[in-house]
Amino acid sequence: MIRKLDLPDAAAKTADPRISAPSALRNREAITAELTRIAPQHGCALEIASGTGEHVIAFAAAMPGIVWQPTDPEPTRRASITAWVADAGLPNILPPRDLDAAQPGWTKDHGPADLIVLINLLHLISMPEVTTLLAEVAAALAPGGRFALYGPFLRDGCTTSQGDADFDAALRAQDPAIGYKDMADVIAMLQRHGLAHAETIPMPANNLLLVFDRPA
């Protein structure tokens, strides 16, 4: 389900098909640094909800041994990804594909992947959609593969800053079904689907990068 939300850091739209998201520019260096450390040297990576495309061009440049498959359900975002990739001139990024990862059944067309990356989505979808998405991710991950999940999370049911509390409340005011998810619930869901929780990495602005492994 694609929601039209009023977000505080919305991507800027211009006549140029390349959309720019200030939040992506702020966090991509830190995310890239951690992914470079935890990712395999070679293989296929699936990025879910790639957004503007500003993340995947940074990832592909830093990890040239990995072939990256960006995805997004919105045509304007896929056009932005295509434009950013063309501008970057990187050979290890495939054309973006249409994927709403909160819908069931997509694993048969996407995967197996050695690395799956998901950035800043769980707080923008409902818990039933999260349940579906995580089940599909676990099924799409190759044996020995890794899942990197980035975003804001509740810890023991609570936000960790006033800014997070305000943002979570603003999301729930727009749609009571969405908002921050508890880290413990997400870990438990993925463990039920056979993934092992490998790392919890603190990131800037109270975000976390959760890393999961599928046994080889």
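## Helix α6 and its surroundings

Contact here means that heavy atoms lie within 4.5 Å of each other. In this predicted model, the buried residues of helix α6, which spans residues 183–192, are M183, V186, I187, M189 and L190. These residues cover an arc of only 160° around the axis, which puts them on the same side of α6. What covers them includes the helix α4 (127–140) and the strands β4 (141–151), β5 (153–154), β6 (181–182), β7 (196–202) and β8 (208–213).

At the N-terminal end of α6, D182 acts as a cap, with a side-chain oxygen 2.9 Å from the backbone nitrogen of A184. After the helix comes G194, whose phi is positive, near 90°.

## Salt bridges

Side chains of opposite charge can pair when their charged atoms come close. The structure holds seven salt bridges, and one of them joins E34 to R37, with the closest N and O atoms 3.0 Å apart. Both residues lie in helix α1 (residues 22–38), three residues apart, which is about one turn of the helix.

Other salt bridges link distant parts of the chain. R146 in strand β4 and D213 in strand β8 are 67 residues apart, yet their closest N and O atoms are 2.5 Å apart in a salt bridge. D213 is partly exposed, with a relative accessible area of 23%. The side chains of D98 and R78 also meet in a salt bridge, at 3.4 Å from N to O; D98 lies in the loop between α3 (75–88) and β3 (113–119), whereas R78 lies in helix α3, 20 residues apart. Of this pair, D98 is exposed, with a relative accessible area of 52%, while R78 is buried, at 18%.

How values were computed. Residues are numbered from 1 along each chain as its sequence is written. This is a predicted model: local features need pLDDT of at least 70, side-chain atom pairs count only at pLDDT 80 or more; totals for chains, interfaces and linings use all residues. Side-chain values use heavy atoms; hydrogens and water are left out. Buried means under 20% relative accessible area, exposed over 50%, partly exposed in between (1.4 Å probe, protein chains only). Helices (H or I, at least four residues) and strands (E, at least two) are DSSP runs, numbered from the N terminus. The arc is that of the directions from the helix axis to the C-beta atoms. A polar contact is a pair of N or O atoms within 3.5 Å; within protein, one must be able to donate a hydrogen and the other to accept it, and residues adjacent in sequence count only if both atoms are side-chain atoms. A salt bridge is a side-chain nitrogen of Lys or Arg within 4 Å of a carboxyl oxygen of Asp or Glu.
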